[in-house]
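Got a minute to get to know a protein model? Open it up next to its sequence and keep both in view while you read.

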Amino acid sequence: MTVSSSWRQVAAATAILTLAACGDDSNSNNAAQTDAARAAEQVTAQAKGGGAPGPATVSRGEQLYRDAERIANAGRDLEARQTFERALAAFKSANDRPGEGKTLVAMGSLDRAMGQGERGRQVLRDADAVYTALNDPKGRAETAFALGELERAQFNNETSRQVFDRAAGLFRAASDWSGEARSLLGRADVERRLAHILSAQRSAARAQAIYTVLRETQNATLARRSLEEVTTNYPDDNEEAREALRTEALQLEQAGDLPGEAMVVLRIAALEHNAGRPAQAREAYNRALDLLRSEQQQQAGLVRALTGLGDLERDLEFADAAISAYTTARGLAQQLSDPVAQGAILVGLADVERSRGGATAAQLAQEARELFQRAGNRAGEAAALVAQARIALKANDVAAAERAITDAQQAAPADDAVAAQVQRTLADVQRAKSDAAAIETYRKALAAFEASGTRLGEAWSLLGLGRALAGTSPTEAKVNLLLAANAFATLGMEARRAEASAAAAAIN
């Protein structure tokens, strides 16, 4: 092992991380320093070829650096800080810039433990300057991580989130997956503090997936516990909207306005559907149907509720239940002569038929497109074109799929939910053509689904992204496939979970 690689490992070992991502006690204690220093000593010994090297085999700066670690182990922080300063001076005298960089990172971490935030920030800025001059992204990543920990310890949560995000990106660029996972767990903690619960869940989930791929079992378990903690004990970002809708529905119920209550319950159903909580969504759709059936002249509401329920069952791949809901809705929509409602139902039916290999899928999608065209509904037309593209892909007609998705791109409104579906389907078409552009398109689709909180869209995008990366970036591919498997599992889609897990296991 080279000296260059050894100091990088020492820097990684001396970084102090509170991995319990949901704990508020972010100030490192002497026990944490002891563990970190012990790990650093072990790494240094391995880097030098086995047992602990004698004083003659290390530089003056290195010897002082180790002395500082041992003093820190004993809890004598001020003396340790002074010894690190002497080590820094020795490294500078020897023009040992890597040694200088790692000492500055250690000093910054010790300053954090001592509550010297501003001094620690300056020291870490100096460390970043050293690593920038060395053109060393790994060193810059470790420095950013240490700064993220410092800001987290001082409860500068938004700053810490940004710094951890930068650290994760630097580690990823340096192909240091474990470093990225550490940074993600730090980010998950501050996102929790900021009440960005869905984002915290994604950060912890990615950390768990990375550790699982790396077979770092203990760290994977820690990440899983952090994910479970934030998922179980904190309401997600949709809870405020849920509560407002529940309150509104209760007020309408007390006023005896059953149709009005039903419309609000449908909004709850759509929220839960989007958030990936199928049991709650199904319950709300059925509640709305019960309310609407008790009233006369509520056909439009029934169509809306049945179509939403059909969409839910279609998304969960319960074909028979979806067809039952869609068929009833279709009859009512025809009585109302509502082309937009009919078109939405036909798009759903076409997608179900595609998944079952039905011969009528293409015809249903074309009928839907014509209805939307006559109604001048561009979003609906784009949705019908997406269905046509997927049907063509199912038939291995990539050229037809490309034509349909190109038309969908032109029809889809900007910043519309349909636009994300267009992106995902475009990526599927590109992947079918072995076009490398699919990777970036999947990432765009994933970002759009994450922004709108559409859980199923995230799952499908992760699955496609993992498959697209399999040939060029096997570790990243596995991480995304495991994330997809987890997302499908939360939706109760066991067959898709198994498919994603198998795709990950098949990558060498």
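Here's a quick tour of a pocket, a pair of helices and a few single residues. Keep in mind that this is a predicted model.

**The second largest pocket**

- Let's begin with some empty space: the second largest pocket has a volume of about 1200 Å³.
- Its lining is made up of 44 residues, and those closest to the centre are Leu198, Gln201, Arg202, Arg455 and Glu458.
- Quite a few helices chip in with two or more residues: α8 (157-173), α9 (177-193), α10 (197-214), α11 (217-233), α12 (239-254), α22 (437-452), α23 (455-469) and α24 (474-490).
- Which element gives the most to this lining? That's α10, with seven residues.
- Sort the lining by residue type and you get 18 charged, 14 nonpolar and 12 polar residues.

**Two helices side by side**

- When two helices pack together, you describe them by the angle between their axes and the distance between those axes.
- Try it on helix α5 (residues 97-114) and helix α7 (residues 137-153): their axes come within 9 Å and cross at roughly 10 degrees.
- An angle under 35 degrees counts as roughly parallel, so α5 and α7 are roughly parallel to each other.
- On the α5 side, the contact is made by Val105, Gly108, Ser109 and Arg112.
- On the α7 side, you'll find Glu142, Thr143, Ala146, Glu149, Leu150 and Ala153.
- By type, the residues of this contact split into four nonpolar, three polar and three charged.

**Arg60 and its partners**

- Look for Arg60 in helix α3, which covers residues 60-73.
- Is Arg60 buried or exposed? Its relative accessible area is 52%, and since anything over 50% counts as exposed, Arg60 is exposed.
- Ala87 is 27 residues away from Arg60 along the chain, yet the C-alpha atoms of the two are separated by 7.4 Å.
- Setting aside neighbours within four places in sequence, Arg60 is in contact with Arg86 and Ala90.

**Two asparagines with positive phi**

- Asn95 isn't a glycine, but its phi is positive, near 55 degrees.
- You can spot Asn95 in the loop between α4 (77-93) and α5, where Asn95 is exposed, with a relative accessible area of 61%.
- Asn135 isn't a glycine either, and it has a positive phi of about 55 degrees.
- Asn135 lies in the loop between α6 (117-133) and α7, and at 67% relative accessibility Asn135 counts as exposed.

Terms used. Residues numbered from 1 in each chain as written. Predicted model: local features only at pLDDT ≥ 70, side-chain atom pairs only at ≥ 80, totals over all residues. Heavy atoms only, no water. 1 Å grid on protein atoms, 1.4 Å probe; cavity = no way out; pocket = protein on both sides within 12 Å on 5 of 7 lines; lining within 4 Å. Points joined across faces, edges and corners; volume = space filled by probe spheres on them. Helix = DSSP H or I, 4+ residues; strand = E, 2+ residues; numbered from the N terminus. Nonpolar A, V, L, I, M, F, W, Y, C, P; charged D, E, K, R; others polar. Axes fitted to C-alpha atoms, helices over the stretch in contact; angles between N-to-C directions. Parallel < 35°, antiparallel > 145°, perpendicular 65-115°, else oblique. Contact = heavy atoms within 4.5 Å. Buried < 20%, exposed > 50% of the residue type's maximum accessible area, 1.4 Å probe, protein only.
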